[in-house]
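Trainee: Could you take one strand of this model and walk me through it slowly? I'd like to know how it sits among the parts around it.

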Amino acid sequence: MEAPTTPSAGGSGAAAGGGQGGGWFGRDPGKASGQPRPAGTGPGGPAPEPVRPPESRPAPTAPEASSGAALLRRTMAEIEPIADRVTSYFYALLFLRHPALRELFPAAMDAQRDRLFKALLTAATHADDPATLTTYLTHLGRGHRKYGTLPGHYPAVGEALIGALARHAPETWGPRTEAAWVEAYTTISQIMIDAATEDELRAPAWWQAEVVAHEMRTRDIAVVTVRPDGPYPFLAGQYTSLETPWWPRVWRHYSFASAPRSDGLLSFHVKAVPAGWVSNALVHRARPGDVIRLGPPSGSMTVDHTTDNGLLCLGGGTGIAPIKALVEDVAQHGRPRSVNVFYGARGNQGLYDIDTMLRLQQSHPWLSVRPVLDDGPVGLLSGGLPEAVREYGPWHSYDAYLSGPPGMIRRSVDTLVGIGVPTHRIRHDSIEELVGATS
């Protein structure tokens, strides 16, 4: 299953924007103050236009509106309605001033622009929450190693970002706002650089992995098994990013479909989606012998083996992949605990891995597997996963794990909270980027 990339409450805490491209945040953006200077038309957007000087713009007057975090949020609120224009302008500045950086990015930039803006918004939102911001940016800095991002790239990117913000936030931009962004990006870039430097001592930037098995389960779902070229430590419930040889510098996130295996093989459930570059390549083009790249493992949707809490697992479509891994993980640790799996799909074809799950149920008396169809026949649970879960329980003492389409996760979270499951016991990968990640 393809996994998302931004942190959310109860989610995996995976980093935003790791899908494509190079580093985003400038180490020393102060050089970019005021008016950006290039002329002509750069790639990805129009040439810079004159803007009124910061001194002529009204400054915030209320004390609570003048803190650094508040100034960042005010800028983000102003540019949010024109996000595409701002990010296109940013790339125009970046590639015009530093054309060599273009090779760090994929050929198509649409998804990159979306993820960049969301990463900026996330960083600005958590500017006054150092713990959250550090966790988020540490993951982001480590993940950027596989894109070839170097410390020397950060000043160029920060300069372009400040230039884009100064151009498109005339109502909120001024000396104090610029100073707030300079301070924020100095901190942001340093955290990312330090994280990458530390990670370099422990792990490679990526692993090469040979496809050793490719099994079509339906017309558009394949189970892809690979052998990495070295030890690849991960935990059941986590995910990684994949790059195919057919789409260089385009990375997509997929959950591991099994717990760590003694033979070192890794499996992924991949569904080809319309216009999905990576997913279609993996399903319809990849064959044994092909070599893909793996990024580092990510995510915290893992089992706490220090407790005996029961597990309530909801897997929709290919979201059953990490759920299957969690079940195997419980079995391997030899401490039987109640595990209830609700496996949902729109129709019978969507239950492509039901036989595997039922075999696991036969082998482990502590495991219960219930298939659920949106419009199921008589005798089978129907109406969707959240509705089916209501019929069983109580679940307030269980740890809940959710994996599947974003709509399913949202409805399931609401349902679980409504029937008394504490939010700290609900775990899922972040849903903010799920739609953009499925390609």
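Mentor: Let's begin with a word you'll need right away: a residue is buried when its relative accessible area is under 20%, exposed when it is over 50%, and partly exposed in between, using a 1.4 Å probe and protein chains only. You'll also see labels such as β4 or α7: these are DSSP runs numbered from the N terminus, with helices (H or I) of at least four residues and strands (E) of at least two. Keep in mind that this is a predicted model, where local features need pLDDT of at least 70 and side-chain atom pairs count only at pLDDT 80 or more, while totals for chains, interfaces and linings use all residues. Residues are numbered from 1 along each chain as its sequence is written, and side-chain values use heavy atoms, with hydrogens and water left out.

Now for the strand I'd pick, β4. It is mostly covered, with five of its five residues buried. Look at which way the side chains go: W251, H253 and S255 point one way, R252 and Y254 point the other way, and all of them are buried. Now find W251 and look over its ring. K146 lies over the face of W251, at 5.3 Å from the ring centre. (For a charge to count as sitting over a ring, NZ of Lys or CZ of Arg must be within 6 Å of the ring centre and within 35 degrees of the ring normal.)

Next, who is beside the strand? β4 pairs with β3 in the antiparallel sense, over five bridges; two strands count as paired if DSSP finds at least two bridges between them. To find your place in this pairing, look for Y239, which stands opposite S255 in β4.

Step back and you'll see the whole sheet. It is an open one made of six strands, in the order β4-β3-β6-β1-β2-β5, and the pairing is antiparallel. Our strand is at one edge and β5 (266-271) at the other, each with a single partner strand, so one side of each is left without a neighbour in the sheet. From one strand to the next the twist averages 40°. Such angles run from 0 to 180 degrees between N-to-C directions, with axes as lines fitted to C-alpha atoms, for helices over the stretch in contact.

Further along the order, β1 (residues 207-216) and β6 (residues 291-294) pair in the antiparallel sense over four bridges. There, Q208 stands opposite R293 in β6. Helix α7 packs on this sheet, touching β1, β2 (221-228), β3, β4, β5 and β6, and its direction makes about 115° with that of β5. Touching here means contact: heavy atoms within 4.5 Å.

Let's go back to our strand and look at the loop that leads into it from β3. R249 lies in that loop between β3 and β4. R249 has a positive phi of about 70°, although it is not a glycine. As for its surroundings, R249 is partly exposed, with a relative accessible area of 32%. You can put A275 beside it as a second example: A275 has a positive phi of about 60° and is not a glycine either. A275 sits in the loop between β5 and α7, and it is exposed, with a relative accessible area of 69%.

One more thing about that β3-β4 loop: it holds a ring with a partner. Rings of Phe, Tyr and Trp (its six-membered ring) pair if their centres lie within 6.5 Å; planes under 30 degrees apart count as stacked, over 60 as edge-to-face and the rest as tilted. A search of the whole structure finds 13 aromatic pairs. W247 and W277 form one that is stacked, 4.5 Å centre to centre with 15° between the planes. W247 lies in the loop between β3 (239-243) and β4 (251-255), and W277 in helix α7 (residues 277-285), so the pair ties together parts that are 30 residues apart in sequence. W247 is partly exposed, with a relative accessible area of 33%, and W277 is partly exposed too, at 29%. There is also a cluster to look for: ring pairs link W207, Y232, F234, F256 and F268.

To put it together: trace β4 at the edge of the sheet, then its antiparallel partner β3, and finish with α7, which packs on the sheet.
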